[in-house]
Each structure stands twice: as structure tokens, then as C-alpha cells.
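Student: I have a new chain to look at. Where should we begin?
Tutor: Let us open the structure and start with a pocket.

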Amino acid sequence: LYSFCTLLTTHTHTQNIMSAPNKADGGVERAEDRLNIQGTKAPIFYVALAEKILTDQETLHIHALGSCIEAAVGVADRLERNGLAKITKIKTDKGGRNDATAQIVISVTKTAEFGKLYEAQKKDRETRAGEHEEKK
């Protein structure tokens, strides 16, 4: 079944919301600071990916279409609840001229505590992975 979520990768330059300059940030968003949420992975995958992207970027733009919007909101919410990022902007649209698919772009900026919190989470994951290996 062809999901609307897969349209993100094929229509990113034709959809008005997806390719519009981010005037608040003073320019056009780059591919490096963009996360396209698709229906093919679990939301926790995108949370981990967003955290990894934020290690190199100050701002991340989370994009989603249709039924993937809920996952995008969940990713942004999880980043904010964990203290890693702050939601700075939310933009919604209904798509292009002939497309009524709902779209969302959530911009998040990493917090001052990001480095410390990210390293603590990383260390905790490694500890749990080691404990899991010892039980085998």
C-alpha cells in the first residue's frame, strides 16, 4: 500500500511548504537540518535520528505529511520533554494546488544542556546494552 508519507521524499521540492525559505532563520533550510518522517519506521527511530542530527546542527526542521504528522509531533514532543530541544516554530499547510494532503514542519532548536544530556543518555544506553549482553 502506497502511503502518503513516502511522498515526502519524492515531492519535497514541489510542495510549497517543503521548499519555502525559512524567513525566521534568515535563509533556506539545508538538507543537513531536515528530518522527513515517513511511515516506514517506528517513531523512536526518528527520535534517535533527530538527536544524532542535533549533535551537529543547532536547528532541526521535522517534516511530515498526512498520517505521519502524529509521529512528527511525537518526535518533537519527546525531544522537548527530554530537555534536548525546544520547539520554536510549527507550520501547517494543506499542500499544493491539486493536493489536499495535510503537511507540517516543526522547527526545534537544541538547548544549552543538549551536550550534557545527550552524553548521559548515550552512556545509559551503553550500560543497558552491556547488561543485556551479560544476561545472554
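Student: Which residues line the largest pocket?
Tutor: Keep in mind that this is a predicted model. A residue counts as lining when it has an atom within 4 Å of a pocket point. The lining consists of Ile-44, Val-47, Ala-48, Glu-51, Arg-78, Asn-82, Gln-121, Asp-124, Arg-125 and Arg-128.

Student: Which helices each supply at least two residues of that lining?
Tutor: Look at the residue ranges of the helices. One of the two covers 43-54, and the other covers 114-135. They are helix H3 and helix H5.

Student: How many residues of the lining are charged?
Tutor: Sort the lining by residue class. Asp, Glu, Lys and Arg count as charged. The lining has 3 nonpolar residues and 2 polar ones, and the charged number 5.

Student: How much space lies in the largest pocket?
Tutor: The volume is the space filled by probe spheres set on the grid points. For the largest pocket, this comes to about 190 Å³.

Student: Which residues touch the most other members of the largest nonpolar core?
Tutor: Members of such a core are buried, under 20% relative accessible area. This core has 24 residues. Those with the most contacts to other members are Ile-37, Leu-60, Ile-62, Val-75, Leu-79 and Val-108.

Student: Which element gives the largest share of this core?
Tutor: H3, strand E2 (59-65), helix H4 (69-81), strand E4 (103-110) and H5 each supply at least two residues. The largest share is 6 residues, and it comes from H4.

Notes. Residues numbered from 1 in each chain as written. Predicted model: local features only at pLDDT ≥ 70, side-chain atom pairs only at ≥ 80, totals over all residues. Heavy atoms only, no water. 1 Å grid on protein atoms, 1.4 Å probe; cavity = no way out; pocket = protein on both sides within 12 Å on 5 of 7 lines; lining within 4 Å. Helix = DSSP H or I, 4+ residues; strand = E, 2+ residues; numbered from the N terminus. Core = buried A, V, L, I, M, F, W, Y, C linked by side-chain atoms within 4.5 Å. Buried < 20%, exposed > 50% of the residue type's maximum accessible area, 1.4 Å probe, protein only.
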